[in-house]
Amino acid sequence: MCFHLSIYYITLGYTPILNLSQERYLQTVSCILIPLPFIMEKITMNRLLVFITSLALAGGIIGPRVAHSSADWWEEPDQSDRAFVATPIASFHEPWAMTFLPDGRLLVTEKAGRLLVVSPDDGKTTSISGVPDVDYGGQGGFADVVLHPNYSTNGLIYLSYVEAGDGDTRGAAVARTKLTLTPDGGRLADLEVIWRQNPKVTGRGHFGHRLVFSPDGYLFISSGDRQKFTPAQDMEQNLGKIIRLNDDGSAPSSNPFSDRGGVAEQIWTLGHRNPLGLAFDAEGRLWEQEMGPRGGDELNLIERGDNYGYPIVSNGIHYNGNPIPDHATRPEFNAPEVTWTPVISPAGLIIYSGDLFPQWKGSGFIGGLSSEALIRVAFEGETAYEAERFNMGKRIREIEQGPDGAIWLLEDKAGGRLLKLTPKP
Ligand SMILES: [Ca+2]
Ligand SMILES: [Ca+2]
């Protein structure tokens with residue numbers, strides 16, 4: 001255990017090799033960790049120390065390695081050539097998601113299990129009690145928060161988070177609960193789990209678990225493949241899928257596979273890897289972004305009943321270097337509208353509809369983790385392309401449009417800031 005922790009702390013202090021995101025880097029590190037029990041039996045403690053030291057030295061050779069959150073050298077990226085100014089409003093410990101309340105305040109989640117109410121003017125933050133226990137670690141923990149379409153009258157919100165299972169397993173869960181706001185924060189009551197990843201599996205990656213309500217009132221959930229590859233094509237598992245549910249968690253009879261029963265009746269689309277962004281555009285079309293493996297990040301137009309191909313096709317390759325056929329080789333799978341190699345590590349998606357940045361109305365905005373960027377995507381009919389990329393100098397985890405049309409970002413990791421983007425005066 002001590003040895004695991006040593007490696008963990010050594011590796012966490014270093015930025016990813018070859019521009020992989022830290023999540024991807026940790027996947028690579030897990031390849032080193034898996035054979036550890038074997039190594040422990042075979043070599044002496046002295047050799048272990050040599051091994052640890054070599055890893056540390058190897059990290060030193062790889063390049064800049066100071067964690068962003070504690071760096072003194074870090075400077076704000078130059079904003080002089082931009083249409084916006086970014087104003088920091090508050091900071092958090094590993095923020096993951098946010099959504100606006102009708103009163104203009106924000107709900108913000110922190111991955112370790114906190115739900116906060118934040119004033120957009122002064123960043124004043126209060127806490128909400130009653131958050132369910134979350135299985136925190138790796139890519140998992142407390143994740144998304146969205147309001148029921150009739151929140152103003154019913155007070156219902158939806159939360160996604162990682163739930164522990166038997167043994168060493170875990171999976172994403174989605175709960176519906178009633179939020180009561182109070183002068184010193186708020187509380188949750190009548191919490192009911194309405195959906196679960198099935199089956200729960202080992203590991204702490206690719207939960208997905210982004211939430212969005214459609215204009216016609218259905219709850220969509222992005223469910224990642226849990227780094228197990230084949231579940232994305234398995235209709236007896238709801239991993240690697242986009243899920244569509246009624247607001248109470250039941251499966252609508254209008255779903256494409258509703259006649260198959262089991263979890264298949266929840267499935268809207270299949271063949272997804274690690275989907276971390278869902279957003280509807282002004283025409284009611286659903287867009288989704290997902291992390292490809294090594295290369296091949298995707299922005300997809302989600303169409304009822306379609307198969308998006310993973311792991312049979314991808315424009316990236318496997319982490320072990322094994323090739324994966326490109327989408328072009330299998331036209332029966334729905335191919336991405338935009339694909340990125342090198343990767344951007346997309347996490348957070350909006351389709352902008354505000355008036356504050358009129359030149360961007362109808363554009364998509366993606367928060368990039370490994371790319372440390374805000375990426376603007378322009379649409380032309382059903383095709384799309386990257387139109388602009390703004391270096392933010394930090395991993396961008398989440399993005400929202402505020403009531404007045406400002407664009408709000410959450411940085412990732414410890415000290416992640418809430419930024420408000422407004423037009424340059
Ligand atoms: Ca959000
Ligand atoms: Ca695909």
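The mean pLDDT of this predicted model is 87, and 83% of the residues in the chain reach 70 or more. The weak spot is residues 1-72, where the pLDDT is below 50. That stretch still has 50 contacts in the model beyond near neighbours in sequence, but a word of caution applies. Where pLDDT is low, the predicted coordinates should not be read in detail.

On the secondary-structure side, the chain has 5 helices and 24 strands. Of its 425 residues, 41% count as buried. As for how the chain folds back on itself, take the contacts between residues at least 6 apart in sequence: 56% of them join residues at least 24 apart.

The largest nonpolar core has 85 residues. Phe220, Ile243, Leu374 and Leu409 are the ones with the most contacts inside that core. Take Phe220 and set aside its neighbours within four places in sequence: what remains is contact with Val212, Ser214, Ile242, Ile243, Arg244, Trp268, Leu278 and Leu286. Ile243, then, turns up both among the core residues with the most contacts and in the contact list of Phe220.

Now to the sheets. One is an open sheet of 4 strands, ordered β14-β15-β16-β17 and paired antiparallel. Its edges are β14 (274-280) and β17 (338-340), each of which pairs on one side only. Going from one strand to the next, the twist averages 20°. Within this sheet, β14 and β15 (residues 286-291) run antiparallel and are joined by 6 bridges. Phe280 has Leu286 of β15 as its bridge partner, and Leu286 is also one of the residues in contact with Phe220.

Another open sheet, again of 4 strands with antiparallel pairing, follows the order β18-β19-β20-β21. Here the edge strands are β18 and β21 (383-391), and each pairs on one side only. The twist in this sheet averages 25° from one strand to the next.

Strand β19 (residues 364-368) deserves a closer look, as 5 of its 5 residues are buried. Cover comes on both faces: Gly364, Ile366 and Gly368 are buried on one side, and Phe365 and Gly367 are buried on the other. As for its partners, β19 pairs with β18 (residues 346-351) in the antiparallel sense over 4 bridges, with Ile351 taking Gly364 of β19 as its bridge partner. The pairing of β19 with β20 (residues 373-380) is antiparallel too, over 4 bridges. In that pairing, Ile366 stands opposite Ile375 of β20. These two strands, β19 and β20, make a hairpin with 4 residues between them, and Glu372 in the turn has a positive phi of about 45°.

Further along comes β23 (residues 407-411). This strand is largely enclosed by the rest of the structure, because 4 of its 5 residues are buried. Strand β22 (residues 396-401) pairs with β23 in the antiparallel sense through 5 bridges, and Gln401 stands opposite Ile407 of β23. The hairpin of β22 and β23 has 5 residues between the strands, with Gly405 at a positive phi near 95°. Strand β24 (residues 414-423) pairs with β23 as well, antiparallel and over 4 bridges. There, Leu409 sits opposite Leu419 of β24; Leu409 is also one of the residues with the most contacts inside the largest nonpolar core. The hairpin of β23 and β24 has 2 residues between the strands, and Lys413 in its turn shows a positive phi of about 70°.

Finally, a loop residue. Pro120 lies between β4 (114-118) and β5 (125-129). With 20 other C-beta atoms within 10 Å, Pro120 counts as buried, because the cut-off is 20 or more. Its C-alpha atom is separated by 6.9 Å from that of Ile89, even though the two residues are 31 apart along the chain. Leaving aside neighbours within four places in sequence, Pro120 is in contact with Ile89, Gly104, Arg105, Leu106 and Gly402.

How values were computed:
Residues numbered from 1 in each chain as written. Chains lettered and ligands numbered in written order. Predicted model: local features only at pLDDT ≥ 70, side-chain atom pairs only at ≥ 80, totals over all residues. Pairing = 2+ DSSP bridges. Axes fitted to C-alpha atoms, helices over the stretch in contact; angles between N-to-C directions. Buried ≥ 20, exposed ≤ 12 C-beta atoms within 10 Å, placed from the backbone. Core = buried A, V, L, I, M, F, W, Y, C linked by C-beta atoms within 7 Å. Contact = placed C-beta atoms within 7 Å. pLDDT = per-residue confidence, 0-100.
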